[in-house]
Amino acid sequence: AIQNISGPIAPVVTSQPPVTLPTDSSVGFVLEYEVLGLGPFSFELVIDSNDADHPIYVVQVQGEGVLPDLQVRSGGQPVTGPVDLGDLRVGELASWQGEVANVGTGLLTLTGLPEPLSIIDADNVAATILVQPPELLEAGAVEPVEVELIPTSEGPISFTVTLPSDDPDEPVLALLLQGNAVEPDAELRRDGVLADGAEDLLGDLRVGDAQVLVWEVANVGSGPLALIGLPDPVAVANADGLVATVLSQPSTTLASGAAESVAVELVATREGPVSVDLVVPNDAPDEPGYTATLSALGTLAAIMSHR
């Protein structure tokens, strides 16, 4: 018989032993129980017999109802919705680090196969689980996870990390990660856009006279543009009869949509065709060595006007 039931437990003997046992024999019985909730429980199993030493045999049974509880964290905080990855560079390797925690009171089993975590529904991104948690997490355990990703092209990116487990409240946790893939794009302007490799015709320059002209370096892409020239962002090269001095430099980083001016002093040293290259090294994938050739005609005659 069962008596003195306490706590969230429902025990029942489903298979009783026979009333009489022969000498030197034993027999089994079946006790089944259902844990109904969290917290400690206990009950007594009572066996009455004609044993002179133990006419009433009492077995104390006790335990505690526990439940695992899976939690995913990002930046040390529980994730309650989609994870925002922010702006990521197209074609560049990035990563997301998070944690898987068991905030319940019982052992948590991650049941995903062949690995605990998997990725589904990847859109405009190649994503891989780099660091997997162990299959079993004790109560209170916290394990790191890491996802490696490479955006494919400009625009929104997203993917879902799935975590099947024996958490009764959420047997398959699905975590959405999303962001935006960006790419810079450099542009050089003066009276219109100068394509990479283009020639900017300056007209006539009087030999020996200094003339200052202004160009604009712009970022017409969706991500920040780094001007990587050293020691200065904009340089001159391949001078042929035209001495060029950069008087003002742009910033080394241009936000999307930003434009900054570059003032250049030009002095022709001879008559005839003269030229110099204006070079803007940058990290845009299509035009990393953006160059425009500045061409003019050196003249000794007085110049009435200048374009």
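Here are some worked exercises on this structure, which is a predicted model.

**Exercise 1. The nonpolar patch**

Find which residues make the nonpolar surface patch of about 340 Å², and place Tyr-57 in its strand.

*Solution.*
- Step 1: Pick out the members, which are Phe-29, Ile-47, Tyr-57 and Val-59.
- Step 2: Take Tyr-57 and look up its element; Tyr-57 sits in strand E5, which covers residues 56–65.
- Step 3: Decide how open Tyr-57 is. Its relative accessibility is 47%, so Tyr-57 counts as partly exposed.

**Exercise 2. The largest pocket**

Describe the largest pocket: what is its volume, which residues lie nearest its centre, and which strand gives the most to its lining?

*Solution.*
- Step 1: Start with the volume, which is about 440 Å³.
- Step 2: Turn to the lining. It is made by 18 residues, and those nearest the centre are Pro-17, Pro-18, Leu-21, Ile-47 and Asp-48.
- Step 3: Ask where the lining comes from. Strand E4, residues 39–48, contributes the most, with four residues.
- Step 4: Sort the lining by class, and you get eleven nonpolar residues, six polar and one charged.
- Step 5: Link back to Exercise 1. Ile-47 belongs to the nonpolar patch and is also one of the residues nearest the centre of the largest pocket.

**Exercise 3. The second largest pocket**

Now do the second largest pocket: what is its volume, and how do its lining residues divide by class?

*Solution.*
- Step 1: The volume of the second largest pocket is about 200 Å³.
- Step 2: Its lining has 15 residues, with Val-72, Val-79, Thr-80, Glu-170 and Leu-173 closest to the centre.
- Step 3: Check the strands. E6 (70–74) and E16 (172–182) each supply at least two lining residues, and E16 gives the most, with four.
- Step 4: By class, there are nine nonpolar, three polar and three charged residues in this lining.

**Exercise 4. Salt bridges around Arg-189**

Work out which acidic residues form salt bridges with Arg-189, and say which parts of the chain the pair with Glu-216 ties together.

*Solution.*
- Step 1: Set the scene with the total; the structure holds seven salt bridges.
- Step 2: One partner is Glu-187, where the closest N and O atoms of the pair are 2.8 Å apart.
- Step 3: Another partner is Glu-216, with closest N and O atoms 3.1 Å apart. Arg-189 is in strand E17 (residues 186–189) and Glu-216 is in strand E20 (residues 210–219), so this pair ties together parts 27 residues apart in sequence.
- Step 4: Grade the accessibility. Glu-187 has 17% relative accessibility and therefore counts as buried, because the limit for buried is under 20%. Arg-189, at 26%, is partly exposed, and so is Glu-216, at 32%.

**Exercise 5. Asp-191 from two sides**

Collect what can be said about Asp-191: which residue is its salt-bridge partner, is Asp-191 buried or exposed, and what is its phi?

*Solution.*
- Step 1: Asp-191 pairs with Arg-190, and their closest N and O atoms are 3.4 Å apart.
- Step 2: Set the two side by side. Asp-191 has a relative accessible area of 61% and is exposed, whereas Arg-190, at 8%, counts as buried.
- Step 3: Before leaving salt bridges, note a network: bridges with shared partners join Arg-89, Glu-92 and Asp-283.
- Step 4: Return to the backbone of Asp-191. Its phi is positive, about 55°, although Asp-191 is not a glycine.
- Step 5: Locate Asp-191 in the loop between E17 and strand E18 (193–194).

**Exercise 6. Backbone details in loops**

Find where Asn-124 lies, and which residues are joined by cis peptide bonds with omega of about 0° and about 5°.

*Solution.*
- Step 1: Asn-124 is not a glycine, yet its phi is positive, about 65°.
- Step 2: Asn-124 lies in the loop between E11 and strand E12 (125–131), and is buried at a relative accessible area of 17%.
- Step 3: For omega of about 0°, the cis bond joins Leu-113 and Pro-114. Pro-114 is in the loop between strands E10 (108–109) and E11 (118–123).
- Step 4: For omega of about 5°, the cis bond joins Leu-230 and Pro-231. Pro-231 is in the loop between strands E21 (225–226) and E22 (235–240).

Note on methods:
Residues are numbered from 1 along each chain as its sequence is written. This is a predicted model: local features need pLDDT of at least 70, side-chain atom pairs count only at pLDDT 80 or more; totals for chains, interfaces and linings use all residues. Side-chain values use heavy atoms; hydrogens and water are left out. Patches are made of residues with over 30% relative accessible area and no salt bridge: like charges are joined within 9 Å, nonpolar side chains (Val, Leu, Ile, Met, Phe, Trp, Tyr) within 5 Å. Accessible areas come from the Shrake-Rupley method with a 1.4 Å probe; for residues, only the protein chains shown count as cover. A salt bridge is a side-chain nitrogen of Lys or Arg within 4 Å of a carboxyl oxygen of Asp or Glu. Buried means under 20% relative accessible area, exposed over 50%, partly exposed in between (1.4 Å probe, protein chains only). On a 1 Å grid over the protein atoms alone, a cavity is a set of points where a 1.4 Å probe fits but cannot get out, and a pocket is an open set with protein on both sides within 12 Å along at least five of seven lines; lining residues have an atom within 4 Å of a point. Grid points are joined across faces, edges and corners, and a volume is the space filled by probe spheres set on the points. Ala, Val, Leu, Ile, Met, Phe, Trp, Tyr, Cys and Pro count as nonpolar, Asp, Glu, Lys and Arg as charged, and the others, Gly among them, as polar.
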